[in-house]
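Work through the exercises below with the structure at hand, and try each task before reading its solution. Every solution goes step by step.

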Amino acid sequence: MKELVIKTTEALKDEFISLSEFIYENPELGYEEFKSSKVHIDLLKKHGFKLEERYLGIETAFKAEYIGKKDGPTIAYFSEYDALPGIGHGCGHNILGATSTGSGIVLSKFVDEIGGKVVVFGTPAEETSGAKVEMAEKGAFKNIDVAMLAHPESKYIQSGNALALYPIQFTFKGKAAHAATFPEKGINALDGVILTFNAVNALREHILPSTRIHGVIKKGGEAANIVPELAVAQFYIRATYKNYLQEVLEKVINCAKGASIATGTELEISTFEAVYDNLVTNQTLSNAYKKNLISLGVKNIIEPELFNGSLDMGNVSHFCPTIHPFFNICKEGHDLTLHTKEFAKATLTDTAYENMIKVICALVLTGIDVIKDEHLLKDIKKEFEGTEK
């Protein structure tokens, strides 16, 4: 089966490279990926997938399905294709999307024989407010057996963990007055913000060291001689687990409430971006993928450490068994930094294409393993049900 998967992937290689290069040459920001999503859609339609465009009302999202002639598990791959402002595809979503869509297409060539269903989700705006969050909330992933996405990097890294993220905004409303002549008639909204930062800094001593709280003052007043009547602070709160994030969130909110009481200001609390759940890697699925990578000649696969960033793939992982590994797109010994123009250019190299093909083969072989091996799928689901979220 492995040799047939390799042969099939190699035969389609030029189509996948063309997909990646078209998106590289036409970078589009989140929720503006009209050309990028269309080129994915057109290729999937060409290979017999049934498409739902503007999926769940999201203009540049899609869901593509290929149903085999026999029943079996549903294998999902996730295509991203948004770019970064001023940089283009510095996160490599051009090659990421080509890898996911390519995996779906290659696996579809086998499911008529072995059974199962292949789904490719087109997921916009990973760099900003992550469409996977809304998709998860609307139940898009409830009937998925396994979910897989491989992200470009400068090395091979097994799927690990990423932090849950809550973006919270505190708006303090006070009363303007002349700061020198009539300060007693004013209520200083900026004082509410400053006290909130001081309270959060005191809180850091009493939370887990893996937790991250970082914030900025978005608005602090108009002039030094006017008591600020409006001040706004935004914070990202990150934690290893979703449940612990909720505990920390409550404490941070209390910091702001206390500051509001102390300053006599009115407080409004809101979110300003999507809430990301922590990424929960399914180790059983991850080991199956790693085994297939090794069988394809990949060496030096690094064990993951905690990734202190946050991913909207985390929201997927709370609904179905999920992996989010990284794969190398540069020559051995090179070390590229994500979100740079240099990283974007690396997605166009022969090394990147060679490794893309290996990763597609590994993702497809893992999908085949899940479809054909009932015990593997049972173990994957057992782990998913028993894992702390």
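Two strands count as paired if DSSP finds at least two bridges between them. The model used here is a predicted one.

**Exercise 1. Find the bridge partner of I217 in strand 10, and place the pair in its sheet.**

Step 1. Begin with the two strands, strand 9 and strand 10, which pair in the antiparallel sense over seven bridges. Seven bridges satisfy the requirement of at least two, so the two strands count as paired.

Step 2. Within this pairing, the bridge partner of I217 is A233 in strand 10.

Step 3. Now widen the view to the open sheet of four strands, whose order is 9-10-8-11 and whose pairing is antiparallel. Strand 9 (212-219) and strand 11 (266-271) are the edge strands, each pairing on one side only. From one strand to the next, the twist averages 20°.

Step 4. Finally, add the helices. Helix 7 (residues 189-203) lies across strand 8 (164-173), strand 9 and strand 10, and runs at about 20° to strand 10. Helix 8 (residues 242-263) also packs on the sheet, touching strand 8, strand 9, strand 10 and strand 11, and its direction makes about 10° with that of strand 8.

**Exercise 2. Describe the open sheet of six strands: what is its order, and which strands are its edges?**

Step 1. Reading across the sheet gives the order 1-2-4-3-5-13, with mixed pairing. The edge strands, which pair on one side only, are strand 1 (50-53) and strand 13 (322-323).

Step 2. Take one pair from within this order: strand 3 (residues 74-79) and strand 4 (residues 117-122) pair in the parallel sense over six bridges. Here F78 stands opposite F121 in strand 4.

Step 3. Helix 4 (residues 93-108) packs on the sheet, where it touches strand 2 (62-67), strand 3 and strand 4, and its direction makes about 155° with that of strand 3. Helix 12 (residues 350-372) lies across strand 3 and strand 5 (146-148), running at about 155° to strand 3.

**Exercise 3. Work out how helix 2 and helix 12 meet, and which residues make the contact.**

Step 1. The axes of helix 2 (residues 13-25) and helix 12 come within 11 Å, and they cross at roughly 115°. This crossing of helix 2 and helix 12 is right-handed.

Step 2. Helix 2 brings K13, F16, I17 and E21 to the contact, while helix 12 brings Y353, M356, I357 and I360.

Step 3. Sorting the residues of this contact by class gives six nonpolar, no polar and two charged.

**Exercise 4. Describe the largest cavity and the largest pocket: what is the volume of each, and which residues line them?**

Step 1. The count comes to one cavity of 30 Å³ or more, and about 40 Å³ of space lies in the largest cavity.

Step 2. The lining of the largest cavity includes I157, Q158, S286, Y289 and F326. Helix 9 (residues 283-295) gives the most to this lining, with four residues. By class, the lining divides into six nonpolar, three polar and one charged.

Step 3. The largest pocket has a volume of about 680 Å³. Its lining is made by 33 residues, of which F307, G309, S310, L311 and F326 lie nearest its centre.

Step 4. Strand 6 (151-153) and strand 10 (230-239) each supply at least two residues of the pocket lining, which by class has 16 nonpolar, ten polar and seven charged residues.

Key:
Residues numbered from 1 in each chain as written. Predicted model: local features only at pLDDT ≥ 70, side-chain atom pairs only at ≥ 80, totals over all residues. Heavy atoms only, no water. Contact = heavy atoms within 4.5 Å. Axes fitted to C-alpha atoms, helices over the stretch in contact; angles between N-to-C directions. Left-handed = near helix turned anticlockwise from the far one by under 90°. Nonpolar A, V, L, I, M, F, W, Y, C, P; charged D, E, K, R; others polar. 1 Å grid on protein atoms, 1.4 Å probe; cavity = no way out; pocket = protein on both sides within 12 Å on 5 of 7 lines; lining within 4 Å. Points joined across faces, edges and corners; volume = space filled by probe spheres on them.
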